[in-house]
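Reader: I am new to this structure and would like a guided tour. Could we look at it together, one question at a time?

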Amino acid sequence: MTLGGKVAVITGAGSGIGKASAIALANNGARVIATDIDAASARSVCELIRAGGGEASDFTLDVADSHAVTQLCTKVQHAFGRIDVLVHSAGICPRKPFLEMSDSDWRAVLGVNLDGTFFVTREVAKVMAAQRSGTMILITSDRGVHGSIDYAHYAAAKGGMIALTKSLALTLGKYGVTVNGVNPGLTDTPLGRAANPQWEDKKSIDVLGNVSEPDEIAQIVSFLAGAAGGFMTGQIVSTRMRYGA
């Protein structure tokens, strides 16, 4: 599998699955645009990629800022002339019991996780539709399918992302653009640990008795970014059977 010469934009590239995906795509030959709201984290990922002989550029990006997303896509087009792959991994997952959830709690999570997905995919879709090629990979969640106690806002946003993934696949197929999602299941990332306070208990009841590593999820992302991205669309790839909310 090679992504030689392809331009890949990764959101949330500063840590976790986004970071692992940025490194994996670069190792497969892609020119990586690593974005994150944390400028230092995005820069650090690019330094790792370049140290390994890859090509990477970093950008600071708040995906909930529509204007900033538009600016990013404009800069990438000017610099590289195209966008071949989007990996949208940016997201937040704060715990909040539903009966205690304020309007601002709800809007903050929907603003990043769902509005941000809309802003990013809309701008990237314009580029990919014009060039009549491209693949989008959205990092979704099993919680968007099954719901979640104390994370209703996150589950609602991820459920929206899953519906958007399928809608975009239907909309963009005629332009040669594929859109798929990945439900990574319990993965050893900062967000994953923060959102699962009973970490060891969750591991023990997993069907494989363990959790996924970011590098393992990045291999699924690489598969979708490569040859599979040309014929597979509208699918949500899950790594596990359901074992709890």
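Author: Happy to! Keep in mind that this is a predicted model. A good place to begin is I92, which sits in the loop between β4 (85-88) and α4.

Reader: Is I92 buried, partly exposed or exposed?

Author: The cut-offs help here: buried means under 20% relative accessible area, and exposed means over 50%. I92 has a relative accessibility of 31%, so this residue counts as partly exposed.

Reader: Which residues does I92 touch, not counting residues up to four places away in sequence?

Author: Setting those sequence neighbours aside still leaves several partners for I92. They are A108, V109, V112, N113, Y154 and L191.

Reader: How far apart in space are I92 and S141, C-alpha to C-alpha?

Author: Along the sequence, I92 and S141 are 49 residues apart. S141 belongs to the loop between β5 and α5. From C-alpha to C-alpha, the distance between I92 and S141 is 12 Å.

Reader: Is S141 buried or exposed, and which residues is it in contact with beyond its neighbours within four places in sequence?

Author: S141 has a relative accessible area of 9%, so it is buried. Leaving aside the neighbours within four places in sequence, S141 is in contact with Y154, K158, I162, V182 and N183.

Reader: Let's turn to helix α4. Where is the kink in α4 centred?

Author: Helix α4 covers residues 103-131, 29 residues in total. From first C-alpha to last, α4 reaches 40 Å, close to the 42 Å expected at 1.5 Å a residue. The helix has a kink of about 40°, and its centre is at G111.

Reader: What is the phi of R132, just after α4?

Author: R132 lies in the loop between α4 and β5 (134-139). With a relative accessible area of 51%, R132 is exposed. Most residues other than glycine have a negative phi. R132 is a residue other than glycine with a positive phi, near 60°.

Reader: Which residue in the loop between α5 (143-146) and α6 (152-172) has a positive phi although it is not a glycine?

Author: The residue in that loop between α5 and α6 is partly exposed, with a relative accessible area of 21%. Its phi is about 70°, and its name is D150.

Reader: Moving on to helix α6, is L168 buried or exposed?

Author: L168 has its place in helix α6. Not counting residues up to four places away in sequence, L168 touches T121, M136, G173 and V179. Its relative accessible area is 12%, so L168 is buried.

Reader: How many residues of α1 are buried?

Author: Helix α1 spans residues 16-27, and its end C-alpha atoms are 17 Å apart, which agrees with the 16 Å that twelve residues should span. The buried residues of α1 are G16, I17, G18, A20, S21, A22, A24, L25 and A26. The helix is therefore largely enclosed by the rest of the structure, and the count of buried residues is nine of the twelve.

Reader: Last one: which residues lie nearest the centre of the second largest pocket?

Author: The second largest pocket has a volume of about 160 Å³. Its lining has five nonpolar, three polar and four charged residues. Of the twelve lining residues, those nearest the centre are R143, I149, Y151, Q198 and K202.

Methods: Residues numbered from 1 in each chain as written. Predicted model: local features only at pLDDT ≥ 70, side-chain atom pairs only at ≥ 80, totals over all residues. Heavy atoms only, no water. Helix = DSSP H or I, 4+ residues; strand = E, 2+ residues; numbered from the N terminus. Expected span 1.5 Å × (residues − 1). Buried < 20%, exposed > 50% of the residue type's maximum accessible area, 1.4 Å probe, protein only. Bend = angle between axes of the 7 residues up to and from the residue. Contact = heavy atoms within 4.5 Å. 1 Å grid on protein atoms, 1.4 Å probe; cavity = no way out; pocket = protein on both sides within 12 Å on 5 of 7 lines; lining within 4 Å. Points joined across faces, edges and corners; volume = space filled by probe spheres on them. Nonpolar A, V, L, I, M, F, W, Y, C, P; charged D, E, K, R; others polar.
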